[in-house]
Amino acid sequence: MTAAQADLQIDRPSVADGAALWRIARDSKVLDLNSSYAYLLWCRDFAATSAVARDASGAAVGFVTGYVRPDRPGTLLIWQVAVDDAYRGRGLAAALLDGLVARTVTERAVTTLETTISPDNLPSQRLFTSFAERHGAPLERETLFDAGLFPDGPHEPEVLYRIGPLSAPR
């Protein structure tokens, strides 16, 4: 953790964090926003595979949501990563991702990380590419969902990023 992150705590989200995660996602203006109910459920049902960053007062200021794929129990799929505007530029997204992956590698024997990123989301591309580089893990990319599969208007394709194998932290 860098000096700029020293005043922050990273842990598992709780249901009480659901509204803050929804707000951070909404305010990002980049993420596909899920219903507020979905964030409450996520914080209840997938807390073990998600992470939240809290400021000194305990307020959520960033998060990573993920889940272990049912058909591939060694694969952690990252659903969303978002950081409150006031905390961007401090490396918080990378710290959240590193912490969550280290935890799931140890607790759930995760060996592979997956996420999908649209071609216009350069910050997410940099985040996951640098994650692979930091961890010395191969990165593969392929289109997972073509634009035409989305029924709700124009949507870019979603490119699958697969990173692994991952190893336990030393």
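The exercises below, each with a worked solution, concern backbone geometry and one helix in a predicted model.

**Exercise 1.** Determine which residue forms a cis peptide bond with Gly164, and where that residue is placed.

*Solution.* Begin with the omega angle, which is about 10° for the bond joining Gly164 and Pro165, a cis peptide bond. Then turn to the secondary structure, where Pro165 is found in the segment that comes after strand 7 (158–163).

**Exercise 2.** For Lys29 and Ala109, establish the sign of phi, the location in the chain, and whether each is buried or exposed.

*Solution.* Take Lys29 to start with: its phi is near 60°, a positive value in a residue other than glycine, and the residue sits in the loop between helix 1 (18–28) and helix 2 (36–45). With a relative accessible area of 72%, Lys29 is exposed, since the cut-off for that class is over 50%.
Continue with Ala109, a non-glycine residue whose phi is likewise positive, near 55°; it belongs to the loop between helix 3 (92–108) and strand 5 (112–117). Its relative accessible area of 52% makes Ala109 exposed.

**Exercise 3.** Work out how the buried residues of helix 2 are arranged around its axis, and what they pack against.

*Solution.* First identify the buried residues of helix 2, which are Tyr39, Trp42 and Cys43. They cover an arc of only 95° around the axis, and therefore lie on the same side of helix 2. This agrees with a general property: an α-helix has 3.6 residues a turn, so residues three or four places apart point the same way. Next, examine the face turned away from the buried side of helix 2, which carries the exposed residues Tyr37 and Arg44. Finally, list the partners: the buried residues of helix 2 pack against helix 1, strand 3 (60–68) and strand 4 (75–83).

Definitions and conventions: Residues are numbered from 1 along each chain as its sequence is written. This is a predicted model: local features need pLDDT of at least 70, side-chain atom pairs count only at pLDDT 80 or more; totals for chains, interfaces and linings use all residues. Side-chain values use heavy atoms; hydrogens and water are left out. Helices (H or I, at least four residues) and strands (E, at least two) are DSSP runs, numbered from the N terminus. Buried means under 20% relative accessible area, exposed over 50%, partly exposed in between (1.4 Å probe, protein chains only). The arc is that of the directions from the helix axis to the C-beta atoms. Contact means heavy atoms within 4.5 Å.
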